[in-house]
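Subject: Structure handover

Hi,

Here is the structure I promised to pass on to you. My notes on what turned up in it follow below.

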Amino acid sequence: MNLAGAVRRRSARASVGVGLLGLAPATFLGVFVVWPLVAILARNLADVGWRQAFDVVTSDATRSILTFTVGQALASTALTLVLGGLVAHTLASWRFPGRAVLRAFSVVPFVLPTVVVAAAFDSVLPTGLGAVLAAHVFFNLAVVVRVVGGFWATLDRRPLEAARVLGASPWQAFRTVTLPRLAPAVASAGVVVFLFCFTSFGVILILGGPTRATLETEIYRRAVFRGEFDIAAVLAVVQVVAVVVLAALSSWLQRRAAVPDRGAATPPRVRGASARLQVAGAVAVVAVVQGVPVASLIARSLRTGDGWGLANYRRLTEPVQLLPVTAAEALVTSLRFAVAAAVIAAVLGGLAALAITTGGRLGRGLEALALVPLGVSAVTLGFGYLVAFAAFDLRRSLWLVPCAHAVVGFPFVLASLVPARRAIDPRLRAAAATLGASPITVARTVDWPLLRRPLATGAGFAAAISIGEFGATSFLARGASGFTAPLAIFRLLSQPGDLLRGQAMALSVVVGLVVGVLALVLERSRSANGVAGSAL
């Protein structure tokens with residue numbers, strides 16, 4: 001009895017200690033997420049007033065921007081669901097050579113930098129709505145493949161086979177049996193895709209052209225180019241409200257889609273002409289939607305004035321009057337920021353995962369707070385930093401950039417760590433504690449060996465996202481020391497001239513290659529080790 005009481009007291013002290021550790025990530029999120037959003041709202045109320053804010057929201061210009069923002073997001077979502085649904089169904093229904101490669105290749109574009117993707121489509125399509133929609137499908141195909149395909153693969157196939165035996169055609173069986181069970185996952189993926197397209201920034205800024213603006217790009221233009229912080233604050237509040245509603249809807253739909261049938265997990269091999277045609281169609285979709293732009297980007301990077309070669313890559317180390325540093329130096333800055341952001345996200349994400357999985361009020365509150373970065377755009381955060389930190393003269397601090405990147409990467413660390421830690425058998429910790437191990441010893445000998453790979457996966461995704469982050473960086477980067485590769489690509493693409501465009505394409509290939517290889521390694525590690533959660 002005394003031993004049991006000692007174990008309970010030790011466990012209670014450990015819970016209190018873990019809860020105190022959770023204060024660090026809670027403070028970080030409060031300073032770098034909640035405070036900037038509150039600062040935007042306070043500025044909106046203090047400097048603008050309700051009447052002027054109402055006039056801004058109801059103006060013809062704002063209504064036009066909202067119409068285009070919602071319209072392009074709806075069109076992008078519809079196209080992504082149709083094309084992604086074909087790929088998801090193929091991966092969930094059949095086994096065929098190259099299935100794992102097709103799945104991995106369809107997921108990698110999700111973490112590619114927006115400016116790299118914009119550069120790729122700029123080399124294929126003229127600027128305009130068509131290029132915007134194509135780029136959004138390129139990005140978000142992975143969401144449908146992962147969410148819908150993962151749910152589809154767990155559905156029990158027997159009701160579908162019974163419907164076919166009773167004489168239903170393939171379309172009738174799909175419409176009456178599969179689609180109703182699949183609807184929550186399709187709706188969940190659709191809301192997530194719509195949210196990403198609604199808050200799209202780099203794609204709209206580069207491919208939309210000067211006459212097309214979304215809420216995201218208009219906030220940037222008003223704040224950075226025109227200095228109209230009051231109007232930018234009103235638009236930011238409108239966007240935050242819309243995004244919070246969408247994020248809440250997405251969370252509700254994901255909970256509905258979280259309990260699949262869990263039928264047979266191994267799909268059959270491809271049989272028949274119809275199945276082969278379906279596999280060929282899925283491969284064609286991925287090859288055209290995601291392969292052609294990448295191949296065109298590589299080709300454009302190798303094109304020189306008198307033929308083909310590596311001249312554009314060699315120019316990355318040469319000074320350009322348009323840039324404060326060389327393109328190669330900007331890439332090194334991006335890599336430095338990525339390492340710092342990954343370390344910050346990993347340390348704070350690890351502490352947050354401990355607090356969340358231990359339980360208690362702080363853990364539950366921290367889990368809810370950790371969802372906020374997913375529902376706030378990087379542009380809104382960057383603008384919030386300008387407003388919130390103005391009085392403390394912190395806007396020129398280089399640490400703001402990796403902290404902003406860490407905020408964006410923080411949920412990815414939790415997505416890997418929290419399910420992995422919850423999957424650890426608590427009896428292992430109890431046995432270690434019973435044998436006299438301290439909480440630190442338990443964490444080192446029981447938790448750490450099982451959490452190393454999930455932590456590395458989450459930190460790796462945080463680094464990949466940091467390398468290509470463009471929205472918040474466009475607000476915060478100051479001078480040569482904070483100039484990153486995405487900023488260099490955007491500036492090179494914004495000016496006419498084959499030499500500048502060729503350098504932009506070459507730098508985009510290098511950045512895309514770094515991020516793509518990192519994402520492939522992480523995806524393989526995640527799949528091989530059964531890490532719960534995903535970068536999506």
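Ser474 is buried, at 13% relative accessible area (buried means under 20%, exposed over 50% and partly exposed in between, with a 1.4 Å probe and protein chains only). Ser474 sits in helix 20; helices (H or I, at least four residues) and strands (E, at least two) are DSSP runs, numbered from the N terminus. Setting aside residues up to four places away in sequence, Ser474 touches Phe201, Tyr220 and Leu487, where a contact means heavy atoms within 4.5 Å.

Before you go further: this is a predicted model, in which local features need pLDDT of at least 70 and side-chain atom pairs count only at pLDDT 80 or more, while totals for chains, interfaces and linings use all residues. Residues are numbered from 1 along each chain as its sequence is written, and side-chain values use heavy atoms, with hydrogens and water left out.

Two of the residues that Ser474 touches, Phe201 and Tyr220, also belong to an aromatic cluster with Phe470 and Phe490. A search of the whole structure gives eight aromatic pairs; rings of Phe, Tyr and Trp (its six-membered ring) pair if their centres lie within 6.5 Å, and planes under 30 degrees apart count as stacked, over 60 as edge-to-face and the rest as tilted. For Phe470 and Phe490, the ring centres are 5.3 Å apart and the planes meet at 55°, so this pair is tilted. Phe470 is in the loop between helix 19 (439-468) and helix 20 (471-476), and Phe490 is in helix 21 (residues 485-493), so the pair ties together parts that are 20 residues apart in sequence. Both Phe470 and Phe490 are buried.

Now to the helices. Helix 17 (residues 400-422) has 23 residues and reaches 32 Å from its first C-alpha to its last, close to the 33 Å expected (1.5 Å times one less than the number of residues). Helix 17 has a kink of about 40° at Gly409, shortly before the proline Pro411; the bend at a residue is the angle between axes fitted to the seven residues ending there and the seven starting there. In helix 17, 19 of the 23 residues are buried. Helix 5 (residues 114-122) has eight of its nine residues buried, so it is largely enclosed by the rest of the structure. Among these buried residues are Phe121 and Asp122.

Leu102, in helix 4 (residues 99-107), counts as buried at 9% relative accessibility. Beyond its neighbours within four places in sequence, Leu102 is in contact with Leu91, Phe96, Ala282, Val283 and Val286. The C-alpha atoms of Leu102 and Leu91 are 8.4 Å apart.

You may also like the second largest pocket, with about 940 Å³ of space. Of its 36 lining residues, the closest to its centre are His89, Ser93, Trp152, Leu160 and Phe174. Helix 8 gives the largest share of the lining, nine residues. A pocket here is an open set of points on a 1 Å grid over the protein atoms alone, where a 1.4 Å probe fits, with protein on both sides within 12 Å along at least five of seven lines; lining residues have an atom within 4 Å of a point. Grid points are joined across faces, edges and corners, and the volume is the space filled by probe spheres set on the points.

Overall, the protein has 22 helices and two strands, and 52% of its 536 residues count as buried.

Best wishes
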